[in-house]
Amino acid sequence: MTQYQPKTATATADLFHNPAANGLNEAIERGRAALLAQQHADGHWCFELESDCTITAEYILMMHFMDDIDDVLQEKMARYLRATQEKDTHGGWPQYHGGAIDLSCTIKAYYALKAAGDDPEAEHMRIARKAILALGGAAKANVFTRILLALFEQVPWRATPYVPVEIMLLPRWFFFHIDKMSYWARTTLVPLTVLCSLKAKAANPRKVHIRELFVTPPEQERHYFVHGGLLNRTFLALDKIARTIIDPFIPKRVRQRAVKKAVDWFMPRLNGEDGIGAIFPPMVNSLEAMALLGYPKDHPARETCLRSIQKLVVHRDDGTAYCQPCVSPVWDTVWSALTLMHTSDDAQTQGAIDTSIDWLVSKQEFELKGDWAVRAPNLAPGGWAFQYNNAYYPDIDDTAVAAALLHIHDRRRGEPGRHRMNTDRAADWMVGLQSKNGGFAAFDADNTYYYLNAIPFADHGALLDPPTEDVSGRVVAALGVLARPQDREALRRCVDYLRSTQLEDGSWWGRWGSNYIYGTWSVLAGLALAGEDPQQPYIRKAVQWLRACQNADGGWGETNDSYIDPALRGSNHGVSTPQSTAWAVLAQLAVGEVRSESVRRGIDYLVAQQHTEGLWFHPSHNAPGFPRVYYLKYHGYTAYFPLWALSRYRQLLQSAAA
């Protein structure tokens, strides 16, 4: 990523009376032009979506598993891994920019670099190895890393949880069933059960090993699992019994039937060149499972699955390459279009928005009932996915913003109701997936089987998709904008859910963005559009919390460490970021604080931090894929959210003056 230089800040003036004096208009114009320049010809936006080192490391290791190594790409990815190592601090790889070392990330990166040909005695490898051994070695890695090591014969299979493919034969009423998991866990696990049950072995043509990363030889290690509470210890005992006593006596025909059921489940969900689940882990597991089951290299399904993985790779001008976990075109497009609405009324901008609306309409799913239909079998589809195509797994969060955008755009064009069929189908689908507690999750209703997070496979604690504050805030916003009489009860229940989840200090947790600042913005914006009185004490408490978190430079920032230590919420060691500042400003603007000193200072910060090319940049990861485990850097968040805050501020100031 090119490191742009911020433009020189000019002297601030009284924005309340003369917005242009601070350069606000010029900043908005630069941002508008820069954002328009990022739009694709068919109307959509899609910014890079970067994670930690693990996906890129796994891509390299996938090539070695399959014995299909692209040495040129491998070297470009190795450069990326070397560049992201924290050599001057802990010596390893973190889950997010500036974070502490993560053992599993570091093991995968080390293994990938060794596979790519790096000398284990090279300085960066020695530093990483020392850091790994200091943390107990590779035996202490997380479950997914140990499964990968088992596939490469670096640890015995007893180092991994028992995940037999026979789970595909379990009835839905059983305490464990794939329908009780989140969509990402489900799509990842099903092909993985095939690999684990048949004890797949990586081709590993260059016979690369990492025995040097173990404190105790892996075959002698007896402490691969961390023992937690009573429920976890019970599941560990059941795991051992099933592996040692039950598995050897499973009839061959039963295993064959289970494998067939797993294949019959994941093959229809391969999703063309967008990939199963449209996310990297299940794509790789499905590709490797097909290879294990004898699908030839030129089989259409296998070829297409490989292309879906290859399309995630980003090649950079500096000679590096990395693999994205997925892509975010629908999400980037809805926010970019909303951002541009108030930047200018010129024909180019409005035409760009029109084109984006047409593209979005083409992506709404009306036909296929995805996995969500297990909970709502009589509900008609009507949602949008996060990615280009992911019909089995539309996203309530994306659907809420897309439906609101269509309604607002039609109203602004003087064509109310033009997309009413689209917004009605979207709203019906969302409301049909409201959870019992009134909230909304990202993909499913009532996915709240919390005991499953205690099974050995779920050491990441991200097996479920329960209702969250940020998604619920977005649905409240959409239902408030659409204002359909039939949604009043659903809206009331969701507002009650949001009130019940507010924390004592006034903030809300952020599941899909970092963190409490994001969550608080998501909720306040929704409550405002739902018609909640902004003078109510609970809303004033949220505003006061935001103001208490403001930094001396006028901005806001929040560390991902706040997912580990809630005492850090709303703070980032005094360092502000464009995305957190934009969320804090937008939250206050939503509840009528356009003339507040806090908002003015936030606007000053954003204007001063704009880069000469017109957008913003910050190296921080700004969202969790899974809190405490895996984080993302949406490159679009520093493109559209700061610009939206500036343009919304100007619009509200002008309205107040009028």
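Visitor: Which residues does Ser620 touch, leaving out those up to four places away in sequence?
Guide: This is a predicted model. Ser620 sits in the loop between helix H21 (597-609) and strand S4 (623-626). Beyond its sequence neighbours, the contacts of Ser620 are His97, Thr577, Gln579 and Lys633.

Visitor: Is Ser620 buried or exposed?
Guide: The relative accessible area of Ser620 is 13%. The cut-off for burial is under 20%. Ser620 therefore counts as buried.

Visitor: What side chains make polar contacts with the side chain of Ser620?
Guide: One polar contact spans 3.1 Å and goes to Gln579. Another polar contact of Ser620, at 2.9 Å, involves the side chain of His618. The names are Gln579 and His618.

Visitor: Which helix gives the largest share of the largest nonpolar core?
Guide: This core has 209 residues, and Tyr59, Trp335, Trp521 and Phe641 touch the most other members. The largest share is 11 residues, from residues 637-657, which form helix H22.

Visitor: Which residues does Trp521 touch, not counting those up to four places away in sequence?
Guide: Trp521 is among the core residues that touch the most other members. Its contacts are Trp335, Arg474, Trp583, Leu586, Ala587, Phe641 and Trp644.

Visitor: How many disulfides does a search of the whole structure find?
Guide: A disulfide needs two cysteine sulfur atoms within 2.5 Å. For Cys323, the nearest cysteine sulfur is that of Cys326, 10 Å away. For Cys326, the nearest is that of Cys46, 9.1 Å away. The search of the whole structure gives zero.

Key. Residues are numbered from 1 along each chain as its sequence is written. This is a predicted model: local features need pLDDT of at least 70, side-chain atom pairs count only at pLDDT 80 or more; totals for chains, interfaces and linings use all residues. Side-chain values use heavy atoms; hydrogens and water are left out. Helices (H or I, at least four residues) and strands (E, at least two) are DSSP runs, numbered from the N terminus. Buried means under 20% relative accessible area, exposed over 50%, partly exposed in between (1.4 Å probe, protein chains only). A polar contact is a pair of N or O atoms within 3.5 Å; within protein, one must be able to donate a hydrogen and the other to accept it, and residues adjacent in sequence count only if both atoms are side-chain atoms. Contact means heavy atoms within 4.5 Å. A nonpolar core is a set of buried Ala, Val, Leu, Ile, Met, Phe, Trp, Tyr and Cys residues joined through side-chain atoms within 4.5 Å.
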